Amino acid sequence: MNPWTFLSILFTLSFIFISHAPLPASTINFKLYQVVCIQYSVRVSPNIKGCLAALQSDPRIPSAETYVALSIFIIDQAIKNSTLSQNFLKNLMKTDPSPAIKQCANEDYDGIIKALKNALAIVIHNPQTAINYLRRDLAYAQGKCSGALKDDPKPYFEVNVLIHNLYFYKDVAELSLNHLLDK
Ligand SMILES: *[C@@H]1O[C@H](CO)[C@@H](O)[C@H](O)[C@H]1NC(C)=O
């Protein structure tokens with residue numbers, strides 16, 4: 001065999017080996033929302049099933065192909081969820097106009113929904129600012145409602161559950177938005 005034939009066979013073989021090299025785990029084709037739920041289960045709470053089920057309730061989320069789209073759909077779901085929570089609170093207020101319920105139903109949920117809408121509006125142009133709206137404005141309004149509920153002698157179990165849902169949405173939105181930041 002002349003050396004050129006040998007080299008060309010070697011070249012061909014190496015090409016075959018490279019193209020068959022095992023793929024790193026990160027390139028396995030998870031859907032983007034599955035990636036976010038895996039991260040959520042590792043970093044925040046091990047309930048991956050709950051994460052997947054909650055996000056799947058918006059049929060657009062499993063088919064999101066960019067983190068911009070995913071972030072927008074997640075924040076949109078958070079707005080819908082918070083709007084329903086606010087409606088619940090406004091109804092509760094009719095029979096129980098305690099200062100805590102009034103504050104949560106009006107001022108605090110207005111602030112929560114406004115923070116989410118501000119975040120939604122800036123996802124494309126500045127994902128870091130979107131994260132800041134969630135961390136600062138949303139967390140502030142959420143904290144004020146929680147604080148008011150704590151100061152009230154009644155337990156308000158179901159209202160605490162509503163407020164608690166926001167942690168989930170804030171965390172998954174942030175995990176999704178993180179993928180848009182320059183690293
Ligand atoms: C709001 O979100 C939480 C967490 O995903 C979920 O358990 C709850 O059912 C949602 N509420 C409504 C009314 O969709």
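Q: Let's start at the ligand. How many residues of each class, nonpolar, polar and charged, does the shell around the ligand have?
A: Happy to start there. The shell has three nonpolar residues, two polar ones and no charged ones. Keep in mind that this is a predicted model.

Q: Which residues surround the ligand?
A: Ala-54, Asn-81, Leu-84, Asn-165 and Phe-168 are the ones around it.

Q: And which helices each supply at least two residues of that shell?
A: Two helices do so: α4, residues 67-95, and α7, residues 157-178.

Q: Let me step back to the whole chain. How many helices and strands are there?
A: The chain has seven helices and zero strands. Read from the N terminus, the order of elements is α-α-α-α-α-α-α.

Q: What percentage of the residues is buried?
A: Of the 183 residues in the chain, 31% are buried. There is also a figure for how contacts span the sequence. If you take contacts between residues at least 6 apart in sequence, 66% of them join residues at least 24 apart.

Q: What describes two packed helices?
A: The general idea is that you give the angle between their axes and the distance between those axes. Let's try it on α6, residues 127-151, and α7: they pack at about 165°, and their axes are 11 Å apart.

Q: Are α6 and α7 roughly parallel or roughly antiparallel to each other?
A: Angles over 145 degrees count as roughly antiparallel, so α6 and α7 are roughly antiparallel to each other. The crossing of α6 past α7 is left-handed.

Q: Which residues make that contact of α6 and α7?
A: On α6 they are Pro-127, Ala-130, Ile-131, Leu-134, Leu-138, Gln-142, Cys-145, Ser-146 and Leu-149. On α7 they are Val-159, Asn-160, Ile-163, Leu-166, Lys-170, Ala-173, Glu-174 and Leu-177. Sorted by class, the contact has twelve nonpolar, three polar and two charged residues.

Q: Where is Lys-154 placed?
A: Lys-154 sits in the loop between α6 and α7.

Q: Is Lys-154 buried or exposed?
A: The idea is to count C-beta neighbours inside 10 Å: Lys-154 has 11 of them, and therefore counts as exposed. You can also relate Lys-154 to another part of the chain. Its C-alpha atom is separated by 9.7 Å from that of Ser-98, though the two residues are 56 apart along the chain.

Q: Back to α7: how do α2 and α7 pack, in angle and in distance between axes?
A: The angle is about 120°, and the axes are 9 Å apart. α2 and α7 are therefore oblique to each other.

Q: Is the crossing of α2 and α7 left-handed or right-handed?
A: α2 passes α7 in a right-handed crossing. The residues that meet are Val-36, Gln-39 and Tyr-40 from α2, with Asp-171, Val-172, Leu-175 and Ser-176 from α7. They divide into four nonpolar, two polar and one charged.

Q: One more pair, please. How do α2 and α3 cross?
A: Helix α2, residues 32-43, and helix α3, residues 48-56, cross at roughly 145°, and their axes come within 9 Å. This crossing is right-handed.

Q: Which residues of α2 and α3 meet?
A: From α2 come Tyr-33, Gln-34, Cys-37, Ile-38, Tyr-40 and Ser-41, and they meet Ile-48, Cys-51, Leu-52 and Leu-55 of α3. The contact has eight nonpolar, two polar and no charged residues.

Note on methods
Residues numbered from 1 in each chain as written. Predicted model: local features only at pLDDT ≥ 70, side-chain atom pairs only at ≥ 80, totals over all residues. Near = placed C-beta within 6 Å. Helix = DSSP H or I, 4+ residues; strand = E, 2+ residues; numbered from the N terminus. Nonpolar A, V, L, I, M, F, W, Y, C, P; charged D, E, K, R; others polar. Axes fitted to C-alpha atoms, helices over the stretch in contact; angles between N-to-C directions. Parallel < 35°, antiparallel > 145°, perpendicular 65-115°, else oblique. Left-handed = near helix turned anticlockwise from the far one by under 90°. Contact = placed C-beta atoms within 7 Å. Buried ≥ 20, exposed ≤ 12 C-beta atoms within 10 Å, placed from the backbone.
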